[in-house]
Amino acid sequence: MKLFKYIFPAVVPFFLILSGCQPAQNNPYVADESCSDGILNQGETEIDCGGPCQPCHSRMTALVDGNAWEAQGNLTSSTNNGSILILAGNGTTSLSMIYTGPFALGTFTLNSAIFVETLTQTNYLANTGTITFTNWDSHDHTVSGTFSFTATETSTPGGTQKVVTDGIFKYVPY
């Protein structure tokens, strides 16, 4: 009994410490999932955005004649009677695409696309191209996908072309 008298006071704190080690959801010392934890969790579309968090920022990139192009600032769209117009720019150029057809996942033919060099006001028009919709998010009202087209300068017959490939648009509000 004397041994118990000496061991018990030393062992009890050890067991109290162990009983405090609980799973993260019950442990007040472990941060809960949040929209700023730097982890893709809780149904987020990307790290700390989408799902239960704020919508992810819209963006658009492409290769124009093999050179990287990226929208900066305002990236918008407009829908009307089964058509969507997606517009983007970066201060020196702008790009817009029109698609009419089902708002569904899949690859479709673009109705038209325009690439504009703003400083020279040179317009390049494409009457065909492809657009692939990879996500229509009805919760956040955004659309994502890919695109490509070849556009011809409109000011001179048989004008030069702009080849737009590897286009990606993400989280464009609709």
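**Figure 1. S83 and its surroundings in strand β4.** In this predicted model, S83 sits in strand β4, which covers residues 83–89. How accessible is S83, and is it buried or exposed? S83 counts as buried, because its relative accessibility is 19% and the buried class takes in values under 20%. Look for the side chain of T100: a polar contact of 2.6 Å links it with the side chain of S83. T100 also appears among the residues that S83 touches, together with S78, Y99 and F103, when residues up to four places away in sequence are not counted.

**Figure 2. N90 in the loop that follows strand β4.** Our next stop is N90, found in the loop between β4 and β5, where β5 spans residues 93–100. N90 counts as buried, because its relative accessibility is 19% and buried means under 20%. What does the side chain of N90 reach at 3.4 Å? It is the backbone oxygen of E70. A polar atom of the N90 side chain also lies 3.2 Å from the backbone nitrogen of T92. If you leave aside the neighbours of N90 within four places in sequence, the residues in contact with N90 are W69, E70, A71 and Q72.

**Figure 3. F169 and its contacts in strand β11.** Now find strand β11, residues 161–173, where F169 lies. F169 has a relative accessible area of 0%, so it is buried. Which residues does F169 touch, not counting those up to four places away in sequence? They are R59, M60, I86, M97, I131, T132, F133, V143, S144, G145, T146 and F147. One of these contacts is worth a second look: S144 is 25 residues from F169 along the chain, and the C-alpha atoms of the two are separated by 5.4 Å.

**Figure 4. T45 in the loop between α1 and β1.** Here we move to T45, which is found in the loop between α1 and β1. T45 has a relative accessible area of 35%, so it counts as partly exposed. Not counting residues up to four places away in sequence, T45 touches L40, G50, G51, C56 and Y171. C56 is 11 residues from T45 along the chain, and a distance of 7.7 Å separates their C-alpha atoms.

**Figure 5. The largest cavity and the residues around it.** How many cavities of 30 Å³ or more does the structure hold? There is 1, and the volume of the largest cavity is about 40 Å³. T45, from the previous view, helps to line the largest cavity, along with G50, P55, C56, N135, D137, D140, T142 and Y171. Sorted by kind, the lining residues are 3 nonpolar, 4 polar and 2 charged.

**Figure 6. Q42 and Q121, with positive phi angles.** This view pairs two loop residues. Q42 is in the loop between α1, residues 2–19, and β1. The phi of Q42 is near 50°, a positive value in a residue other than glycine. Q42 is partly exposed, because its relative accessible area is 28%. Where is Q121 found? Q121 is in the loop between β7, residues 112–117, and β8, residues 122–126. The phi of Q121 is also positive, at about 55°, although Q121 is not a glycine. Q121 counts as exposed, because its relative accessibility is 52% and exposed means over 50%.

**Figure 7. G66 between strands β1 and β2.** G66 takes its place in the loop between β1, residues 59–64, and β2, residues 67–70. Is G66 buried or exposed? With a relative accessible area of 57%, G66 is exposed. V164 is 98 residues from G66 along the chain, and 7.9 Å separates their C-alpha atoms.

**Figure 8. Stepping back to the whole chain.** To place the close-ups, follow the chain from its N terminus: the elements run α-β-β-β-β-β-β-β-β-β-β-β, giving 1 helix and 11 strands. The chain has 174 residues, and 32% of them count as buried. Among contacts between residues at least 6 apart in sequence, 42% join residues at least 24 apart. The chain exposes about 10,600 Å², and carbon and sulfur atoms supply 59% of that area.

How values were computed: Residues are numbered from 1 along each chain as its sequence is written. This is a predicted model: local features need pLDDT of at least 70, side-chain atom pairs count only at pLDDT 80 or more; totals for chains, interfaces and linings use all residues. Side-chain values use heavy atoms; hydrogens and water are left out. Helices (H or I, at least four residues) and strands (E, at least two) are DSSP runs, numbered from the N terminus. Buried means under 20% relative accessible area, exposed over 50%, partly exposed in between (1.4 Å probe, protein chains only). Contact means heavy atoms within 4.5 Å. Accessible areas come from the Shrake-Rupley method with a 1.4 Å probe; for residues, only the protein chains shown count as cover. A polar contact is a pair of N or O atoms within 3.5 Å; within protein, one must be able to donate a hydrogen and the other to accept it, and residues adjacent in sequence count only if both atoms are side-chain atoms. On a 1 Å grid over the protein atoms alone, a cavity is a set of points where a 1.4 Å probe fits but cannot get out, and a pocket is an open set with protein on both sides within 12 Å along at least five of seven lines; lining residues have an atom within 4 Å of a point. Grid points are joined across faces, edges and corners, and a volume is the space filled by probe spheres set on the points. Ala, Val, Leu, Ile, Met, Phe, Trp, Tyr, Cys and Pro count as nonpolar, Asp, Glu, Lys and Arg as charged, and the others, Gly among them, as polar.
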